Amino acid sequence: MQRIATFRKGGVHPSDRKALSSSCAIEQLPMPVELIVPLSQHLGAPATALKQKGDTVEIGEKIGKASGFISADIHSPATGTIKEVRKVTLANSVACDAYVITVDNDAEPKQWEYHPFRALDAQEILAIVQDMGVVGTGGATFPTHVKLMVPKGKSVDALVVNGVECEPYLTADHRLMLEKTEHILDGIMIVAQATKPKKIIIGVENNKPDAIQALRAAINMADYPITVEPLKVKYPQGDEKQLLKATIGREIPSGKLPIDVGAVVLNVGTAYAIFEAVVLRKPLIDRVVTVSGEAISTPKNLRVPIGTKVFDLLSFCNGTSRQPEKMISGGPMMGFAFFDDQTPVTKGTSGVLALDHQKEHDAPTTACISCGRCVAVCPMGLQPTKLNKLIEHARYEDAMKLNLMDCKECGCCAYTCPAHLPLVHAMKIGKKMGRK
Amino acid sequence: MDILNAFLIIGALGLLLGLGLAYAAKKFAVKKDEKAEDILAILPGANCGGCGFPGCSGYAAALSAGTAPNGLCPPGGAPVAAKVAKILGIEAEETAERMVAFVHCRGNHELSQLDYKYDGIEDCNAAALLFKGDNTCKYGCLHLGSCIKVCPTDAISRDEKGNIMVNPALCIGCKKCTLVCPTKVIRMIPARGSHAIACNSNDPGGKVRKICQVGCIGCKICENKFPESGCKVVNFLSEIDYANPMTQIVQAAKACPTKCIVEAK
Ligand code: SF4
Ligand code: SF4
Ligand code: SF4
Ligand code: SF4
C-alpha cells in the first residue's frame, strides 16, 4: 500500500460539510447595481486612493495605488461612477476607506485579450503580477509579487501549490481545480518561470479524488513537470507550515518564511489569478466565493466581482431558509463572524457561511480539566492550556516566552477542548496585549 | 585527656570562624539607605503603581536618590508628600489635586443599541477585537469589567442596571483602569468636581439619538444657555472645564435633553 502523506504534529478532523456545495458548478453572479471596494484588501499598508467622489471608472482601471513594499494595487471591478468614499468595517474588523461605485449597467462588457507568456522573464512576470494587484486568495491576502521575489543568494527547491482547502464547507478551490484545470496549471508554470524551482508539487487532500484525477490528466496532456500529491485529510493542512511538512518534509523554524527552507507556497486560487493577470492582463477584480452553510437556501459557488455586498450574494442564493445563528466570512475554523449584510466581498473572501443553530455552541464553558488535548492537537507544538491561563492573569510576557506569537489561530485547540474554553480568542487577545 | 583535645579543637575552630564572620560582616556590609527606609514607612504601602514605579519601595528608593519628584503618590496625597518633604529636607510643593476615575457613559444594554450578541471571553479588550465591541456606539462602555479586575482597591463595581461605576471615595487615582480600558471611556476627573459628562461619543447628534437614549447629542444647550456651567461642546461631545467655578452646572444638568450631565458620586 502506498503511504499517503500528511503533517505529523497535531491537527483535528472536523466534519467537512463540503457536500452542500461541492457538486455546484461555478456560476457567474450578475453584476450588482452597487459595489463597495475597500482600499485595504491585502496584508500590509492600505492602497492610496487615486479617484474621488464623482469620478467615472472603467472596469479594470487602477483606482488604488500600493502605498508601501507590502501593499497591493486595487482595480475597479466594474464600469460606473464613484458615488462616495466611505469608511467601512470589513468582516475581519479592519476599518478602512472604500469606494462606493454605482455600476453602469449599459457599459459594454470588456474583452480580455490573450497574451503569450512563454517568453516572459522573471522581472516581467513580477511586474505584471504587481500591476494587476494579485494577492493570495486563500485568506491571508499576502501580496503575491512580494512572495514570488526570491531574495538574492536563495534559490527555490520546491514550488508547492496548495489545493488542500482544509476548511469545512469551502469548495471554491475544489471547483476551480475541476473547471479551470488547464488555467491553474498555466498559472503554476508562469510562477515556475519566475522562480525556477527544482520541483513542482500540488498538494490535494484525498477527499477530492476528482480534482486529483483532473489535474493529473491535464498535466499528462500538457506534459508539465508537475506532480500531484494526494494528502490525508487533516486540518490545518492548508497552512503553509503544515503543507510543507506534508509535501516536502521540511519544517519552517519559528519566525521564518517558506523561502528560508527553499520553498514557495501558493494557493490554486492564486495560481488562477496569476494566469488571468499574466495571460489575459486582467486584474484581480473578481473571485470565486462559496456561499454555503445549513441556513442558506441554495448553497452555491459563485464568481463574483470584488466589492459585491454579502446581501447580493445571499439574495442570489435565495436568501437564508431560517435565521442564521452566525454569519461567517471565510471558513468556520479561521473565518470571521460578522453581522452586517452590507459587508463587501474582498480579494481574500473565500466563502460566506450562514450557520444554523449549533448545539455544540450552546454548551457552557467550564474550567480547564488539564486533559492536555489542546496540547496534543496544536500543530505548532504550543501549550494552549498554559497560554490561556497566563493570558487570563494578564501575564502576556510570560505567554510570549512560550511562543504565543507562533500561534496561527487555526482553532484546533478550541475545537477539541472538552471544557469549551474560547482558547483562540484568548490567544488573539494575548497577542494584542502582548504587542503593546 | 582525649575529651579535652576535642574541646580545644572545636573551641579554636569556633573562635576562628567567628572572627571570620565578624570580619565579613564589616567588610561586605550592605549599605542600608536609611532615608529610603524612612520614606517607605510613610508611603501607604498599597503598591498600586500609581507613581509609575514598581511598588512603594521603588518610589521610595527613587525619592531618596533624588531621581523622582515628590508628590507622585496618588493614594498618599498631600499629607504623605509633606512628610516625605520633611525627610528629604525640601519644601513641600503644592501637589496636584486629587483625581479620581469616572466612567463617561451611562449607556447599557437597555438604553443603547447593540450590533451583535457577544458571547466571547468576559473581557473588554477581548470584545474590542470584534468590531470594537458589541455596542453600536463605539465610544461607550462595554460593561465587561476589565477595569474592575485591575483596580487595586475594588473601587469599581457594576450597578443593578449593568453600568460600571467608580466609587470616588475608594479610588486612589492609580490610573490602572484608564490604561486597560479599550474605549478610553474611563478617564480621570478632579475629585472635587460635583458633576461629569456621562458620555464619550464623538458621533454626530443624529446618530447618537438613533443608537443611544442617554448619549450627548452635542446640542450645546449647556454651553450656550449656562455659560457658567463650565460645559463646552467639542466634536459633538460636551466637556466640563473643572477650572470653571461651575455655578450653573445644576441648571445645565436639568436642561440637558438626554440627561447626560450627571452627578459625579
Ligand atoms: S489556535 Fe494556536 S494554540 Fe490553538 S491549536 Fe492553533 S496554533 Fe495551537
Ligand atoms: S483541551 Fe481544554 S480542558 Fe483540556 S487541557 Fe486544554 S484547555 Fe484544558
Ligand atoms: S452615546 Fe454616550 S452614553 Fe451612549 S453608549 Fe455611547 S458613550 Fe455611552
Ligand atoms: S470602563 Fe472600559 S474597561 Fe471598564 S467595563 Fe467599561 S469598557 Fe470595560
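Domain bounds, as I use them here, come from an automatic or database domain assignment. I am working from a predicted model.

**Entry 1: domains of chain B**
I looked up how chain B is divided. The assignment gives domain 1 as 34-88 and domain 2 as 99-263. I then checked the spacing of their C-alpha centres, which is 32 Å. Next I looked at where domain 1 of chain B meets domain 2 of chain B. Each of the two domains puts 6 residues into that contact. I sorted the domain 1 side by class and found 4 nonpolar residues, 2 polar ones and no charged ones.

**Entry 2: ligand 3**
I listed the surroundings of ligand 3 and got 15 residues. C105(B), G107(B), C137(B), G140(B) and G215(B) are the closest of them. The shell holds 7 nonpolar and 7 polar residues, plus 1 charged residue.

**Entry 3: ligand 4**
I did the lookup again for ligand 4. Here too the count is 15 residues. Those that come nearest are C124(B), C141(B), C147(B), C181(B) and I186(B). I asked myself: how many residues of the shell around ligand 4 are charged? I found no charged residues there, with 11 nonpolar and 4 polar making up the shell.

**Entry 4: chain B against chain A**
Last, I turned to the contact between the chains. Chain B gives 10 residues to it, and chain A gives 10. On the chain B side I sorted 6 as nonpolar, 2 as polar and 2 as charged.

Notes. Residues are numbered from 1 along each chain as its sequence is written. Chains are lettered from A and ligands numbered from 1 in the order in which they are written. This is a predicted model: local features need pLDDT of at least 70, side-chain atom pairs count only at pLDDT 80 or more; totals for chains, interfaces and linings use all residues. Two residues are in contact if their C-beta atoms, placed from the backbone, lie within 7 Å. Ala, Val, Leu, Ile, Met, Phe, Trp, Tyr, Cys and Pro count as nonpolar, Asp, Glu, Lys and Arg as charged, and the others, Gly among them, as polar. A residue is near a molecule or strand if its C-beta atom, placed from the backbone, lies within 6 Å of it.
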